[in-house]
Amino acid sequence: MKRVMFVCKKNSARSQMAEAFAKRLAGEGVSITSSGLEASQVNPGAIAAMDEIGIDIREQESKALGDFKPEDFDVVISLCGCGVSLPPEWLTREVFEDWQLEDPAEQPEIFPRVRDEVKARVEQLIENLKQSV
């Protein structure tokens, strides 16, 4: 089973959307989690953006990266360019990518665009993971 961690600054928007998309797309054989360099709460803008496409993330919770062990994950995806802030052991997993997506929390009007970018990248990630299993 592949184990995927999506990481962002506060686990409030981009990583929450990525977690939701991945859980819908991955199927069996892939475990999905998200976290932040610090925990906060799921951003209402992220909830609204996902509602627009019929995905409810209200029950998802913000989690701190420090609550997890890097060795428990095969794939680590940073969504915000925070890879430079991650402890080195998180960067040496089987797959590490830093997607560097804009922060919609700073500009709520870009939530739909960022959501769609997250979805496209997650679709490609899941496709790559399925091919490597």
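**Pocket lining and the H1–H4 packing**

In this predicted model, the lining of the largest pocket has 3 nonpolar, 3 polar and 5 charged residues.

Student: What makes 5 of the lining residues charged?
Tutor: Asp, Glu, Lys and Arg count as charged. The lining includes Lys-9, Lys-10, Arg-14, Asp-103 and Glu-106. Therefore these residues fall in the charged class.

Student: Which residues of the lining make up the nonpolar class?
Tutor: Cys and Ala count as nonpolar, so Cys-8, Ala-13 and Ala-105 belong there. The pocket holds about 160 Å³ of space.

Student: Why are H1 and H4 called oblique?
Tutor: Helix H1 (residues 14-26) and helix H4 (residues 111-132) pack at an angle of about 45°. Roughly parallel needs an angle under 35 degrees, and roughly perpendicular needs 65 to 115. The angle meets neither, nor is it over 145, so the pair is oblique.

Student: What is the hand of the crossing, and how far apart are the axes?
Tutor: H1 passes H4 in a right-handed crossing. Their axes lie 9 Å apart.

Student: Which classes make up the contact of H1 with H4?
Tutor: The contact has 11 nonpolar, no polar and 5 charged residues.

Key:
Residues numbered from 1 in each chain as written. Predicted model: local features only at pLDDT ≥ 70, side-chain atom pairs only at ≥ 80, totals over all residues. Heavy atoms only, no water. 1 Å grid on protein atoms, 1.4 Å probe; cavity = no way out; pocket = protein on both sides within 12 Å on 5 of 7 lines; lining within 4 Å. Points joined across faces, edges and corners; volume = space filled by probe spheres on them. Axes fitted to C-alpha atoms, helices over the stretch in contact; angles between N-to-C directions. Helix = DSSP H or I, 4+ residues; strand = E, 2+ residues; numbered from the N terminus. Left-handed = near helix turned anticlockwise from the far one by under 90°.
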